[in-house]
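These are my notebook entries from one sitting with the model. I went through rings, surface, backbone angles and a helix in turn.

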Amino acid sequence: MAALLLLILLLLPVTSLAEPVHDSSALKAQSARTEPLTISEVLARIELTHPLLRAQGVERMQARAKILKALGAWEPTFKNITQAARIQVWNFLYAPHVGTGGYNDSKLEVGHPWGFRVLGGIRNGFGDLPLTGVPPINGLAAGTVAIIPDLHLFYPQQQMIFGGSFPLLRGLMVNDEYADFQKAELAGPQAEIAVAQKRQDLYLAGAVQYWDWQVAVKQAQVQKQILAVAEERLVQVQGLAKGGKAAPLDVIEVNQEVQARREAAIAAQRQVEYEQYKLSLFLWENGEPVTPRPEWAPEFQGETPLPTAQEIAANKVAAKEDRPEVRDLYIEAKMNNIDLKLAKNYLLPKLTFDGGRMDAPADWIVGVGYRYGAKFEMPLFQREARGKVLYAEADQQQLAYKQLYTEQQVSVDVDNWLSAQVRARDRVKAATEALRLAKTLEEGERTRFNMGATTVLFVNLRERNVVDSAYQLYRAQADYAVARGGMLWATGALSKPWPESELAKYGNPLTAAGANGSTKQLGRD
């Protein structure tokens with residue numbers, strides 16, 4: 001027997017539980033931290049530094065760019081045009097003359113969202129072709145190319161010019177350019193909704209990951225504690241075996257239980273590291289993720305009062321107003337109304353009036369100084385216009401169905417997370433009682449073992465039951481916390497920025513990732 005005991009001691013593994021692995025970012029940032037990591041800090045750091053939230057904020061700048069692009073349709077445009085023509089005058093009364101005539105225009109053209117365009121400026125004429133036998137006009141030889149008959153400015157060959165075009169039916173107050181501008185104005189609210197959508201998704205994902213990390217840390221702590229108990233029992237049983245009070249097989253059984261618990265503790269430590277690396281993607285500092293340490297994990301919070309029926313009804317109303325999914329449908333409905341109005345405007349015939357100075361040098365030189373015109377155009381069957389109207393009306397019906405479904409969906413989300421909160425609270429109560437009973441059985445079985453009234457096998461079973469009961473309690477507590485956060489998500493509260501009083505503890509709210517792109521640039525913006 002002594003030889004068998006010696007062999008067991010020689011073969012006893014001396015491996016120990018691996019130390020936690022930390023990456024370089026955790027060693028660099030907050031290495032001296034002692035206070036626990038709270039859920040409020042996690043959400044505040046998401047709002048302050050998360051790259052995906054900052055990337056979503058770029059849509060605000062893109063929205064302003066769309067407005068600038070749409071405004072370009074009516075951009076005041078300065079134009080300078082020079083045109084010249086070679087003219088040959090052939091008449092039986094006069095000898096043939098060949099000369100050059102033309103003008104230089106400097107004008108400003110401006111459009112208006114209602115569809116009309118106007119222009120005004122100065123025309124400077126020039127030419128070298130006088131006609132003989134005709135009395136001078138204003139001191140210039142009659143027939144000289146580019147003599148200005150009216151609207152003179154500083155000298156006879158300089159005049160004011162003006163012109164424009166006016167749609168009277170199709171395009172008046174409703175046109176493609178104005179519709180694009182109205183849609184561009186809605187891009188700003190749509191960008192805010194996209195940021196709110198990304199914020200609430202990151203908040204909820206960060207909260208869920210935070211509680212998963214906390215469960216893993218607590219479970220690893222339980223595994224380490226139960227491993228320490230098994231190692232102490234191994235020493236105890238080895239001492240009993242030396243004195244002949246325990247069988248060598250008991251030593252083997254206890255040693256086998258130590259190895260199984262050591263493997264479980266290593267797996268639990270790996271789970272902690274896995275969850276902490278996932279959580280680090282929600283905690284950023286100086287451009288890199290910060291890996292939380294297990295000692296930062298706080299205790300689970302206690303139970304909070306459940307919302308009343310009146311609060312649930314108010315939450316459903318708030319969800320239909322604050323949830324980004326519903327708000328985005330309102331923006332789409334406004335855009336569809338713009339398309340529908342534009343499509344109905346296409347049913348009108350085109351009637352455009354335009355006028356102004358002649359632009360061809362030959363016409364202008366020979367005395368045709370002004371032009372006026374009206375253009376009427378109407379497709380006989382209006383297929384394109386009717387197709388546009390039908391398409392916009394179909395989109396309108398589709399949006400109405402989507403809105404009905406989405407509003408009911410957010411109401412169901414509120415009920416669903418209320419159910420999750422109630423059931424998680426009940427699970428916490430049941431799991432707490434189960435853990436208390438499991439610990440009582442464990443203590444009793446351990447006492448019986450010390451008295452020699454039971455075996456190591458039953459002690460191990462009782463201790464395993466305590467570990468399982470503790471995990472179920474931690475999981476239920478985490479699910480209860482997630483359910484509380486899910487209720488905030490369902491009502492749309494997580495789509496709003498975290499309070500500035502909390503943000504100021506961990507960074508500058510003015511440079512927060514959630515505010516990226518919200519500050520307009522000076523000048524043209």
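Entry 1, aromatic pairs. I searched the whole structure, which is a predicted model, and the search returned nine aromatic pairs. The one I looked up in detail is W211 with F300, a stacked pair with 5.9 Å from centre to centre and 20° between the planes. I noted that this pair links distant parts of the chain, since W211 sits in helix α6 (residues 176–242) and F300 in the loop between β6 (288–289) and α8 (309–322), 89 residues apart. Are these two rings buried or exposed? W211 has 9% relative accessibility and so counts as buried, and F300, with a relative accessible area of 14%, is buried too. I then checked for further rings and found that W211 and F300 belong to one aromatic cluster that also contains Y210, W213 and Y474.

Entry 2, charges over rings. I looked up two arginines that lie over ring faces: R123 is over the face of Y103, 3.8 Å from the ring centre, while R323 is over the face of W489, 4.3 Å from the ring centre.

Entry 3, surface. I recorded a nonpolar patch on the surface with about 1,100 Å² of accessible area together, whose members include F78, L108, V110, F166, L169, L348, Y372 and M378. The elements that contribute two or more residues to this patch are β2 (97–111) and β8 (370–377). From the patch I picked out L169, which is placed in the loop between β4 (158–167) and α6 and is partly exposed, as its relative accessible area is 32%.

Entry 4, positive phi. Most residues other than glycine have a negative phi, so I wrote down the exceptions that I met. N286, in the loop between β5 (284–285) and β6, has a positive phi near 55°, and at 75% relative accessibility N286 counts as exposed. Q382 likewise has a positive phi, near 55°, but its place is in the loop between β8 and α11, and with 12% relative accessibility Q382 counts as buried, because the cut-off for that class is under 20%.

Entry 5, helix α11. How far apart are the end C-alpha atoms of α11? Helix α11 covers residues 383–450, and at 1.5 Å a residue its 68 residues should span 100 Å; I found the end C-alpha atoms 95 Å apart, which agrees with that expectation. Just after α11, I noted that G452 takes a positive phi of about 80°.

Key: Residues numbered from 1 in each chain as written. Predicted model: local features only at pLDDT ≥ 70, side-chain atom pairs only at ≥ 80, totals over all residues. Heavy atoms only, no water. Expected span 1.5 Å × (residues − 1). Phe/Tyr/Trp six-rings, centres within 6.5 Å; stacked < 30°, edge-to-face > 60°. Buried < 20%, exposed > 50% of the residue type's maximum accessible area, 1.4 Å probe, protein only. Lys NZ or Arg CZ within 6 Å of the ring centre and 35° of its normal. Patch = residues over 30% accessible without salt bridge, like charges linked within 9 Å, V, L, I, M, F, W, Y side chains within 5 Å. Areas by Shrake-Rupley, 256 points an atom, 1.4 Å probe, with all protein chains shown as cover. Salt bridge = Lys/Arg side-chain N within 4 Å of Asp/Glu carboxyl O.
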